[in-house]
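Work through the exercises below with the sequence and the 3D view at hand, and try each task before reading its solution.

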Amino acid sequence: MARFDRYLLSQLLTLFGFFSLVLVFIYWIRAAVELFDELISDGQTAKVVLELTMLTLPGVVQIVLPLAAVVASIYVMNRMTSDSELVVMQGTGFSPVRLIRPAVIFGVIVTVLTMVSSHFLVPTAALITNERQAEISQNLAARMLVEGRFQSPTSGLTIYIRDISRNGELLDLFLSDTRDDAETMTYTASRAYLVKTDNGPQLVMIDGMAQALNTRTQRLSLTRFEDFTYDLGDLVDFTPRLTRSSGEVTSLELLMATPELQTETGKTAGELIMEANRRNARALLGFVGAVIGAASLLVGGFSRFGVWKQVMLAIALIIVVKLAESTAENMMRTMPEAWMIPYLPIFVGIVITMVLLTIASYPARFRFPKGRIAA
């Protein structure tokens, strides 16, 4: 690699690392604060909060890396233009295509980093997060059972436990359920156990009595039992899920799209392949942003007033690429089998880059002669 390429690439990577850290910090803090409020209000420990907030980092990195690549590319090229470094290199015979070569290498590096996050880290983090949230949902019911205090985890439901032994046995349980307007249920038991099942937490009451009061006839029915199971699913928002969603599956599995995976995710083979290609396209946006940012700053000559016009052009062109991405997203909803659609913004970005390099290479052809007015 030539010395100029190493110099420009080092500048791009240095600024890319700085902007990535700043943007990741901003995005992550925003997501972490929302998650922190939710988990702390549910009584979770700091360890659980830290674990779940760390699992959000791959998704944040996936969003931030392409954006940081654009900002770094524009910033470095703007500084080198202002310091006349690019002017000197052009004076030595470097063409715009030659000048943009370090930005192309930089874009490839960003794409590889984003692909690792999109194809492996994000699906793995999503799967672990959902598993941990299911565990937390079941543990939440246990924290609602506090000894020596009347608890109302939901409207119309009251629980009282005299004592909780060291082995987790609930002693002298009282449970009143008045959520049904037609019938009020009251349960008492000498002891009870909280059991975790695939369908959510269950309260197993031993040696007790159930009282059913018909509110219309005021008739009371008594039933004694040796053991009785009460579903605590109403206390927590627990929805058991034994299958994975497409967002929790690695890209290699998505591309294979086996019948078993289609049954598990509830999606067709075309939709699974589309999801894998969408991840590819998102990663390639880092490459597109890097080369557009660099190529935009090569358009036009040196000016003592700066290159703010080229900077605004780069921002406008990035917006065009994002609009193409939004259009592709809408098309994917109507044509889920067309796996090439996610690459529409990539194609648009490459075409824009080629046009910019052509204009920078032949500036005289795209400029009106002085003193003439175009008809």
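**Exercise 1: The largest cavity**

The largest cavity of this predicted model has a volume of about 70 Å³. Find out which residues line the largest cavity, which helices supply at least two residues of the lining, and how the lining divides into nonpolar, polar and charged residues.

*Solution.* Begin with the search of the whole structure, which finds one cavity of 30 Å³ or more. Next, list the lining, which is formed by Arg278, Ala281, Arg282, Leu285, Glu325, Ala328, Glu329, Met332, Pro342, Pro345 and Ile346. Then place these residues on the helices: at least two come from each of α9 (269–296), α10 (308–334) and α11 (344–361). Finally, sort the lining by type, which gives seven nonpolar residues, four charged ones and no polar ones.

**Exercise 2: The nonpolar cores**

Determine how many residues the largest nonpolar core has, and which residues phenylalanine 106 is in contact with once its neighbours within four places in sequence are left aside.

*Solution.* The largest nonpolar core has 50 residues, and Phe16 and Phe106 are those with the most contacts inside it. Turning to the helices, α1 (3–41), α3 (57–82), α4 (85–91), α6 (101–144), α9, α10 and α11 each supply at least two residues of this core, and the largest share, 11 residues, comes from α3. For phenylalanine 106, with neighbours within four places in sequence left aside, the contacts are Leu9, Leu12, Leu13, Phe16, Ala69, Ala72 and Ala290. As a last step, look apart from this core for another one, of 17 residues, which includes Leu157, Met185, Tyr187 and Phe225.

How values were computed
Residues numbered from 1 in each chain as written. Predicted model: local features only at pLDDT ≥ 70, side-chain atom pairs only at ≥ 80, totals over all residues. Heavy atoms only, no water. 1 Å grid on protein atoms, 1.4 Å probe; cavity = no way out; pocket = protein on both sides within 12 Å on 5 of 7 lines; lining within 4 Å. Points joined across faces, edges and corners; volume = space filled by probe spheres on them. Helix = DSSP H or I, 4+ residues; strand = E, 2+ residues; numbered from the N terminus. Nonpolar A, V, L, I, M, F, W, Y, C, P; charged D, E, K, R; others polar. Core = buried A, V, L, I, M, F, W, Y, C linked by side-chain atoms within 4.5 Å. Buried < 20%, exposed > 50% of the residue type's maximum accessible area, 1.4 Å probe, protein only. Contact = heavy atoms within 4.5 Å.
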